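Biologist: Could you take me through one part of this model slowly, as you would for someone in their first year? I would like to see how its pieces fit together.

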Amino acid sequence: MRPFSYVRAGDAGTAIALVRARPDSAFLAGGTTEVDLVRQDVLRPGLLVDINDLPLDLIEDLPDGGLRIGALARMSDVARAPGVIERFPVISQALVLGASAQLRNMASMGGNLCQRVRCSYFRDPASPCNKRDPGSGCAALNGFHRGHAILGTSDHCIATHPSDVAVPLTALDAVVHTSGPGGERAIGIDDFFLLPGDTPQREHPLEHGELITAIEVPGAPVARRSVYLKFRDRQSYEFALASVAAAVRIEDGVIAEVRLALGGVGTRPWRARRAEAALLGQPAGAASFAEAARQELAAATPHPMNAFKVELAQRAIVRALNTLTDGDR
Amino acid sequence: MLTGLTLAVACEGREVTTIEGLAMDGELHPVRAAFVEQDAFQCGYCTPGQIMSAVKLLEEGHAGDDAEIAEWMSGNICRCAAYPNIRAAIRGVRDAAGGER
């Protein structure tokens with residue numbers, strides 16, 4: 001591990017100014033990804049600005065039935081917040097199925113959105129990786145890519161976005177609030193996660209020194225009936241091969257409202273808009289679920305080792321919708 | 001928390017309980033005693049972490065059945081695979097605590 005400086009900031013303005021002042025500085029929140037990557041020599045900060053003392057850990061119920069989750073709220077606290085369990089079970093479930101108990105106690109919600117990919121080539125400084133070292137190439141394309149993405153890939157990067165909770169946040173149109181050198185702004189989650197394209201090193205639109213302060217989830221009655229399903233190589237403490245966040249409202253046997261997003265298969269948390277469009281107005285049943293899933297995955301770009309995910313993701317969508325609508329049919 | 005992901009400097013001014021800190025007046029903590037009784041380790045490398053996690057798991061009430069214990073202990077990997085014995089030790093402490101939970 002290389003030497004670096006460490007400072008604990010007492011307020012957001014100081015933290016932002018400290019990071020802003022040095023190009024090689026970074027915020028330190030839960031540290032569950034960042035410290036790992038510093039130890040592996042993947043990240044080489046000159047200064048870490050510890051923001052854990054900032055008062056950004058509130059979890060609030062909003063008047064419209066939504067949520068405002070402070071960026072430093074821990075995953076475990078959000079998972080057990082009554083308003084989350086009651087109105088957004090899909091968020092609570094995604095959190096509990098992520099990482100391990102200890103990691104959930106440490107990891108912050110803002111940090112979760114900023115976590116880096118699990119691609120073993122990104123995490124190995126000796127391998128080419130366009131994300132870590134732009135222009136060096138992508139070792140995963142012709143390497144071991146069983147866990148890699150099949151949606152949103154490019155010729156420069158096929159790393160999967162690893163977050164679980166970002167999947168329901170994407171399905172529910174969450175908004176990321178930030179504070180930075182240019183003041184405060186709100187970024188819709190669709191604009192927050194960037195596709196790799198030819199700049200895979202750029203994963204979100206945050207400027208250097210721009211700090212996530214909160215995540216807002218708009219009120220969504222449909223989310224009261226929602227579920228997060230996660231499929232992986234072992235039953236716990238493992239990243240998804242495919243996962244689904246789903247919420248649905250049925251009226252007279254017909255799908256009146258649906259939210260659907262996929263994890264484990266995309267270079268970003270994947271809003272399944274094609275499937276949503278295909279489902280609206282259709283009868284709730286196996287045939288319409290399978291057809292919607294087929295349409296969503298028609299755009300998949302699998303590689304030899306991860307081609308199984310095309311079928312797995314479709315089955316996951318069907319399973320989630322079946323689980324939610326069982327009582328209506 | 002996990003020591004491998006925690007910078008020591010970030011703990012300045014904070015209280016940290018380690019495995020040694022669990023001892024009570026020279027007596028083994030009940031969870032530690034149960035690990036000895038159930039032979040819940042082989043090489044011992046992972047044991048401090050297993051015990052610290054088990055103590056909090058019991059405190060937080062996540063030891064309802066074996067599946068729940070396995071899920072909430074999954075962050076602690078044991079390469080010797082002493083898992084059945086670790087679960088037995090946790091069950092033992094849970095049951096000895098009786099209706100306190």
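**A closer look at the sheet in chain A**

Modeller: Happily! Let's start with one pair of strands: strand S6 (residues 175-180) of chain A is joined to S7(A) by six bridges, and the two run antiparallel. Keep in mind as you look that this is a predicted model. To find your place in the pair, look for A:Val176, which stands opposite A:Ile187 in S7(A). In general, the strands of a sheet pair through backbone hydrogen bonds, and they may do so in parallel or antiparallel fashion.

Now step back to the whole sheet. S6 and S7 belong to an open sheet of five strands in chain A, and its order is S4-S5-S8-S6-S7, with antiparallel pairing. Trace that order from one end to the other, and you will begin at strand S4 (59-61) and finish at strand S7 (183-188) of chain A. These two are the edge strands, since each pairs on one side only. Neighbouring strands of the sheet do not line up exactly: on average they are turned by 20° against each other, direction ignored.

For a companion view, turn to chain B. There helix H1 (residues 30-37) packs with helix H2 (residues 47-59) at an angle of about 125°, and their axes are 9 Å apart. That angle makes H1(B) oblique to H2(B). H1(B) passes H2(B) in a right-handed crossing. On the H1(B) side, the contact is made by B:Val31, B:Arg32 and B:Phe35, while H2(B) brings B:Thr47, B:Ile51, B:Ala54, B:Val55 and B:Leu58. Sorted by character, the residues of this contact are six nonpolar, one polar and one charged.

How values were computed: Residues are numbered from 1 along each chain as its sequence is written. Chains are lettered from A and ligands numbered from 1 in the order in which they are written. This is a predicted model: local features need pLDDT of at least 70, side-chain atom pairs count only at pLDDT 80 or more; totals for chains, interfaces and linings use all residues. Axes are lines fitted to C-alpha atoms, for helices over the stretch in contact, and angles run from 0 to 180 degrees between N-to-C directions. Helices (H or I, at least four residues) and strands (E, at least two) are DSSP runs, numbered from the N terminus. Angles under 35 degrees count as roughly parallel, over 145 as roughly antiparallel, 65 to 115 as roughly perpendicular and the rest as oblique. A crossing is left-handed if the near helix is turned anticlockwise from the far one by less than a right angle, and right-handed if clockwise. Two residues are in contact if their C-beta atoms, placed from the backbone, lie within 7 Å. Ala, Val, Leu, Ile, Met, Phe, Trp, Tyr, Cys and Pro count as nonpolar, Asp, Glu, Lys and Arg as charged, and the others, Gly among them, as polar. Two strands pair if DSSP finds at least two bridges between them.
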